[in-house]
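Reader: I would like a close look at a single part of this protein, taken slowly and with its surroundings included. Could you choose one helix and follow its connections outward?

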Amino acid sequence: MNAISNLPLAKQEVPTVFGTPWEGGYFAGIITFNGDVFAQVVAPKNEGDLGPVIWHPDYKLIEGADSFFDGLANTKAMAEAGSEIAQQVLELRIGGFDDWHIGARDQVELLYRGFKPTTEENYVYRSGDNPSSLPVGYPYSIHLPGQTPVELFREGGAESFADEWYWTSTQYSALSAWYQGFADGYQGADGKDGKGRLRAVRRVKI
């Protein structure tokens, strides 16, 4: 890992606007857990958007892959259990950094909240509840979040998320894992051998 990324950053050095180029990718919000606060970075699309890919080929419970906020720990557990896509993401070298991982459920929800590509109405039944984001995220309304104001990430933009669902690294059960829809925000689970997209992220302690 680039040693600089391990150093706490002064708060004034952290971007405040989603989509600001920063730390190997684009600023993608704030996540907090275990008493620590992290700025999240989403990878450039041409290097860190992968798929469709299988989460894991086998139906088995993976110990250590069920965190809603620690995607790095989840991804390492997946890799150790034989997930090829987790291994691939951990081997990414983007922008001089090597700590990329598959975001946990709350991390990927924050990506949707900041980078929703479409103008579609949101699915509102509890989707969007995010106790790990700072500020805390509440369930979506029909119109909030709306389409991202970041032109690069709008539908058709160079960095836009596909109008599809994206894997998270959070295991739902022995059979399935959480995903985040990027058309209407629906959060659900799909069989681990299903095929979905993913977008690598990293985090910077602040």
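Author: Two residues are said to be in contact when heavy atoms of theirs lie within 4.5 Å of each other, and this is the sense in which packing is meant below. The model is a predicted one, and the part to look at is helix α2, which spans residues 71–80.

Of the ten residues in helix α2, seven are buried, and the helix is therefore largely enclosed by the rest of the structure. Buried here means a relative accessible area under 20%. The residues of α2 that meet this cut-off are Gly71, Leu72, Asn74, Thr75, Ala77, Met78 and Ala79. What surrounds them is a mixture of helices and strands: the buried residues pack against α3 (84–90) and α4, and also against β5 (101–102), β6 and β9 (195–205). After α2 comes Gly82, a residue with a positive phi near 100 degrees.

Thr75 is a useful residue with which to examine this packing, since Thr75 belongs to helix α2 and counts as buried because its relative accessibility is 0%. Leaving aside residues up to four places away in sequence, Thr75 touches Ala86, Leu90, His101, Ile102 and Ser169. Pro117, by contrast, lies 42 residues from Thr75 in sequence, and the C-alpha atoms of the two are 25 Å apart in space.

Strand β9, one of the elements against which the buried residues of α2 pack, also takes part in several charged pairs. The side chains of Arg203 and Asp70 form a salt bridge with an N to O distance of 2.7 Å. Because Arg203 lies in strand β9 while Asp70 lies in the loop between β4 (49–54) and α2, this pair ties together parts that are 133 residues apart in sequence. Asp70 itself counts as buried, because its relative accessibility is 15%.

A second salt bridge joins the side chains of Arg199 and Glu159, at 2.9 Å from N to O. This pair, too, links distant parts of the chain, with Arg199 in strand β9 and Glu159 in the loop between α4 and β6, 40 residues apart. Both Arg199 and Glu159 are buried, and they belong to a network of salt bridges that also includes Asp49 and Arg197.

A further pair involving strand β9 is made by Asp36 and Lys205, whose closest N and O atoms are 3.5 Å apart in a salt bridge. Here the link runs between strand β3 (residues 36–42), which holds Asp36, and strand β9, which holds Lys205, across 169 residues. Asp36 counts as partly exposed because its relative accessibility is 26%, and Lys205 is likewise partly exposed, with a relative accessible area of 35%. Over the whole structure, a search finds eleven salt bridges.

The loop between α4 and β6, where Glu159 lies, also leads out to the surface. Glu120 is found in that loop and counts as partly exposed because its relative accessibility is 36%. Together with Glu155, Asp163 and Glu164, Glu120 forms a patch of negative charge on the surface. Tyr125 lies in the loop between α4 and β6 as well and is exposed, with a relative accessible area of 64%. Tyr125 joins Tyr123 and Tyr186 in a nonpolar surface patch of about 340 Å².

Notes:
Residues numbered from 1 in each chain as written. Predicted model: local features only at pLDDT ≥ 70, side-chain atom pairs only at ≥ 80, totals over all residues. Heavy atoms only, no water. Patch = residues over 30% accessible without salt bridge, like charges linked within 9 Å, V, L, I, M, F, W, Y side chains within 5 Å. Areas by Shrake-Rupley, 256 points an atom, 1.4 Å probe, with all protein chains shown as cover. Salt bridge = Lys/Arg side-chain N within 4 Å of Asp/Glu carboxyl O. Lys, Arg positive; Asp, Glu negative; His and termini not counted. Charge placed at Lys NZ, Arg CZ, Asp CG, Glu CD. Helix = DSSP H or I, 4+ residues; strand = E, 2+ residues; numbered from the N terminus. Buried < 20%, exposed > 50% of the residue type's maximum accessible area, 1.4 Å probe, protein only.
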